[in-house]
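Subject: Structure for you to look at

Dear colleague,

I am passing on the structure we talked about, and below it you will find my notes on its pocket, its ligand and its cavities. Please read them with the model open beside you.

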Amino acid sequence: MIEDLLNVNDYLRLAVESLYFTVIVDHKGIIRYLSDNYADILNIDSKKAEGMPVEKVIPNTRLIIVAKTGKAEIGHLFRMKNGQEVICNRIPFKNKDGTIQGVISTASFHDIKRIEVLSNQINKLKKENKLYIEQLNNLRNNTFSIQNIIGQSNEILEIKSILPKISNSNLSVLITGETGTGKEVFANAIHQLSDRKMFNYIKINCAAIPKDLLESELFGYDEGAFTGATKGGKKGKFELADRGTILLDEIGEMPLFLQSKLLRVIQEQELERVGGLKTIPIDVRIICNTNKDIEKLVSEGKFREDLYYRINVVELKIPPLRERLDDIPLLCDYFIQKFNRDNGYFISGISDKVYKLFEQYNWKGNIRELEHVIERACVMSSDSTLTINDFDFLLPRLIKEENNYSIREQGEITTLEAQKNQLEKEAIIKTLIHTKGNKTAAAKLLKINRSILYDKLKKYDIYL
Ligand SMILES: Nc1ncnc2c1ncn2[C@@H]1O[C@H](COP(=O)(O)OP(=O)(O)OP(=O)(O)O)[C@@H](O)[C@H]1O
Ligand SMILES: [Mg+2]
């Protein structure tokens, strides 16, 4: 009977709801349609939800991001409020002039287990694929070139400017700097920029290999050199790096007896394998990395002075991140792009307040630490811009560091004089952090004479 027929909108509604959980938002993220089956899960009346901002109704939604970027997200796993996992498609639809009208999100509720199994398999394959690409890049000696050294601070620009000259020579280079400053990145770039780039770039970490194995790893061994030695012997890293470059990472950890052998190899440009009789000529460019003070090791008798001069023909001192704060925004952008690319995120940037925090932070782990901090924020953030809330895990570390300076004994009751001093000290530290260590600016802000500030720095052992 004709009066029993539903209108077309109702048909559409019924059809959609028998297939999907659906929500439609406009370009501002305001809900324009919410299917009843989804509204049930969200414990809300679908009619009441219409007109509300979607993030108020659906926690962790990515619809606003899609409405901003205009990039569809297909086949994403999404956990709904009731804990059920669904496969979700978020598709933007546009006006005739190309501007975004809104986004429709549909999640199918059929046979998710099967899809989950497939999705796990795909993820596993993706991971394997990533590993192979990395290995392939390593084999091609392609991991890092000078373009990938991010940084526009004077310190970095200066090093970058001399890098081509150094690379075109055969001089041994010693790269020093705190952990995570990028020593390896620079070592790779030197090889890439040199004529040796067609040949092997071999890296060996002197600290990671047991002392008694290091010799044969470096110089190889001949058949019968020791029980268990492979038939026909084995090439060492120096032979493998022939005509190319060898990176001796953490050279400060090399035991003294091997330092003598290394010195001989560098001087004679030939080596003998362990247990071997013949000398093998080698043509290898040597780069050494260390985060130790080798001069100190020399004075303690732990590093041979003559070897130190041999490896230290050119020294590249990579400054810590806290001395090149200008590089932080560039590095942040670089890492965000990288994580977006690798993981399909849509993070667009970082708020200014975060940069203020980064300037005060000590960055003991340098660029490696910054990379991890950004990665963590990208993973945890539910917004497209990273804000101070995404980095609140840094604040306790920051306060701890400040307190290390102030040696505050929590809760301890001391004399009024001692407590006044404590407060004065903290005020000076805070101001110096604010002025990035600039004493003149700090004295001005504190409205005291510069000489008085210096006296107080001395009094309180402040080395900021
Ligand atoms: N200038 C840079 N541009 C881009 N990425 C960088 C830069 N410097 C360092 N990195 C990244 O920071 C991380 C640490 O760098 P690297 O391993 O070279 O440090 P390192 O000085 O060798 O540290 P360690 O002494 O602990 O071995 C790496 O992931 C590297 O890719
Ligand atoms: Mg390293």
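What is the volume of the second largest pocket? Please keep in mind that this is a predicted model, in which the second largest pocket comes to about 1,300 Å³. The pocket is lined by 37 residues, and those closest to its centre are His-76, Leu-77, Asn-343, Gly-344 and Tyr-345. Two or more lining residues come from each of strand 3 (73–79), strand 4 (85–94), helix 6 (112–139), helix 14 (328–343) and helix 16 (366–380), and it is helix 6 that gives the most, with 8 residues. By chemical class, the lining of this pocket divides into 18 nonpolar, 10 polar and 9 charged residues. If you colour the model by domain, you can check that domain 1 (2–108) and domain 3 (322–392) each give at least three residues to this lining.

The next thing to find is ligand 1, which has 18 residues around it, with Ile-150, Thr-179, Gly-180, Lys-183 and Glu-371 coming nearest. Where does ligand 1 lie with respect to domain 2 (146–319) and domain 3 (322–392)? Both domains give residues to the shell around the ligand, so ligand 1 lies between them. Helix 8 (183–193), helix 14 and helix 16 each supply at least two residues of that shell, whose members divide into 7 nonpolar, 6 polar and 5 charged.

Several backbone atoms also come into the picture here. A nitrogen atom of ligand 1 is 3.4 Å from a polar backbone atom of Asn-148, while an oxygen atom of the ligand is 3.3 Å from a polar backbone atom of Thr-181. For Glu-184, a backbone N or O atom lies 3.0 Å from an oxygen atom of ligand 1. Taken alone, ligand 1 exposes 630 Å², and the protein buries 88% of that area.

Finally, a search of the whole structure finds 2 cavities of 30 Å³ or more, and the largest cavity has a volume of about 80 Å³. Its lining includes Phe-21, Tyr-38, Phe-78 and Arg-90, and the elements that give two or more residues to it are strand 1 (20–26), strand 4 and strand 5 (100–108). The lining residues of the largest cavity divide into 8 nonpolar, 2 polar and 1 charged.

With best wishes

Conventions:
Residues numbered from 1 in each chain as written. Chains lettered and ligands numbered in written order. Predicted model: local features only at pLDDT ≥ 70, side-chain atom pairs only at ≥ 80, totals over all residues. Heavy atoms only, no water. 1 Å grid on protein atoms, 1.4 Å probe; cavity = no way out; pocket = protein on both sides within 12 Å on 5 of 7 lines; lining within 4 Å. Points joined across faces, edges and corners; volume = space filled by probe spheres on them. Helix = DSSP H or I, 4+ residues; strand = E, 2+ residues; numbered from the N terminus. Nonpolar A, V, L, I, M, F, W, Y, C, P; charged D, E, K, R; others polar. Domains from an automatic or database assignment. Near = heavy atom within 4 Å. Polar contact = N/O pair within 3.5 Å; in protein donor to acceptor, adjacent residues only side chain to side chain. Areas by Shrake-Rupley, 256 points an atom, 1.4 Å probe, with all protein chains shown as cover.
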